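The exercises below treat helix contacts, ring pairs, salt bridges and a sheet. Work through each task before reading its solution.

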Amino acid sequence: MELHRGRLIDHVQLVVRDLKASRRFYEAVFKVLDIPIGGSAEDYFWADELFVSSIDSRAAQGKLTGRHHLAFQAKDRAMVDAFYKAGLDGGGTDNGAPGERQHYHPGYYAAFLLDPDGNNIEAVFHGPANRSAASVEITF
């Protein structure tokens, strides 16, 4: 099996009810996933391809986004486990404890949490694999 990542999505925006609660959750899970917060203002924050804003942000146009499922890559099973614990501690709700999901493919190890707005947030480790690069770096 060959998976390609980093080619389809440029960025995703979530518009949330309570930006402080969302930031607490995402900072907790991103810390263990080794994803830094890229920037922030009073009405938004962003990390890598994810942009999260309040409903009153100019970027939101006054409307909440609907329920989404976002899956973040983890480097190993321990990172998935840490994501789950950090997410619960950061205000998330259990939506599937860490474990193998053989129905996706052998070695698929994931955990699922609901963020403060009910989005299904996953961390997944696909098993041992060779990567062509850790990430794509774009400079301007």
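**Exercise 1. Locate the Asp-89 and Lys-85 pair along the chain, then describe the contact and the exposure of both residues.**

Step 1. Asp-89 and Lys-85 sit four residues apart in helix H2 (residues 77–89), so about one helical turn separates them. Helices (H or I, at least four residues) and strands (E, at least two) are DSSP runs, numbered from the N terminus.

Step 2. The two side chains form a salt bridge, with the closest N and O atoms 2.8 Å apart. The term requires a side-chain nitrogen of Lys or Arg within 4 Å of a carboxyl oxygen of Asp or Glu.

Step 3. Asp-89 is partly exposed at 48% relative accessibility, and Lys-85 is exposed at 52%. Buried means under 20% relative accessible area, exposed over 50%, and partly exposed in between (1.4 Å probe, protein chains only).

The model is predicted: local features need pLDDT of at least 70 and side-chain atom pairs pLDDT 80 or more, while totals for chains, interfaces and linings use all residues. Residues are numbered from 1 along each chain as its sequence is written, and side-chain values use heavy atoms, with hydrogens and water left out.

**Exercise 2. State how many salt bridges a search of the whole structure finds, and describe those of Arg-23 and Asp-117.**

Step 1. The search of the whole structure yields four salt bridges.

Step 2. Asp-117 pairs with Arg-17, and their closest N and O atoms are 2.9 Å apart. Asp-117 is in the loop between strand E8 (109–114) and strand E9 (120–125), and Arg-17 is in the loop between E1 and H1, so the pair ties together parts that are 100 residues apart in sequence.

Step 3. Asp-117 is buried, with a relative accessible area of 18%, whereas Arg-17 is exposed, with a value of 59%.

Step 4. Arg-23 forms a salt bridge with Glu-27, where the closest N and O atoms are 2.6 Å apart. These residues are four apart in helix H1, a separation of about one helical turn.

Step 5. Arg-23 is partly exposed at 25% relative accessible area, and Glu-27 is partly exposed at 32%.

**Exercise 3. Which residues does Ser-22 touch, not counting residues up to four places away in sequence?**

Step 1. Ser-22 belongs to helix H1 (residues 19–33).

Step 2. Its relative accessible area is 0%, so Ser-22 is buried.

Step 3. With that sequence exclusion, Ser-22 touches Val-16, Phe-45, Val-52, Pro-116 and Asp-117. Contact here means heavy atoms within 4.5 Å.

**Exercise 4. Describe the ring pairs of Tyr-26 with Phe-30 and with Phe-45, and name the cluster that ring pairs form.**

Step 1. A pair of aromatic rings is described by the distance of the centres and the angle of the planes. Rings of Phe, Tyr and Trp (its six-membered ring) pair if their centres lie within 6.5 Å; planes under 30 degrees apart count as stacked, over 60 as edge-to-face and the rest as tilted.

Step 2. Six aromatic pairs are found in the whole structure. In one of them, Tyr-26 and Phe-30 are tilted, at 5.7 Å centre to centre and 45° between the planes.

Step 3. Tyr-26 and Phe-30 both lie in helix H1, four residues apart, about one turn of the helix. Tyr-26 is buried at 0% relative accessible area, and Phe-30 is buried at 2%.

Step 4. Tyr-26 and Phe-45 form a tilted pair too, at 6.4 Å centre to centre and 50° between the planes. This pair links distant parts of the chain, with Tyr-26 in helix H1 and Phe-45 in strand E3 (residues 44–47), 19 residues apart. Both Tyr-26 and Phe-45 are buried.

Step 5. Ring pairs join Phe-25, Tyr-26, Phe-30, Phe-45 and Phe-72 into a cluster.

**Exercise 5. Give the strand order of the open sheet of four strands, and say which strands stand at its edges.**

Step 1. The order is E1-E4-E3-E2, with mixed pairing. Two strands pair if DSSP finds at least two bridges between them.

Step 2. Strand E1 (12–16) and strand E2 (39–41) stand at the edges; each has a single partner strand, so one side of each lacks a neighbour in the sheet.

Step 3. E3 and strand E4 (residues 50–54) run antiparallel and are joined by four bridges. Trp-46 stands opposite Phe-51 in E4.
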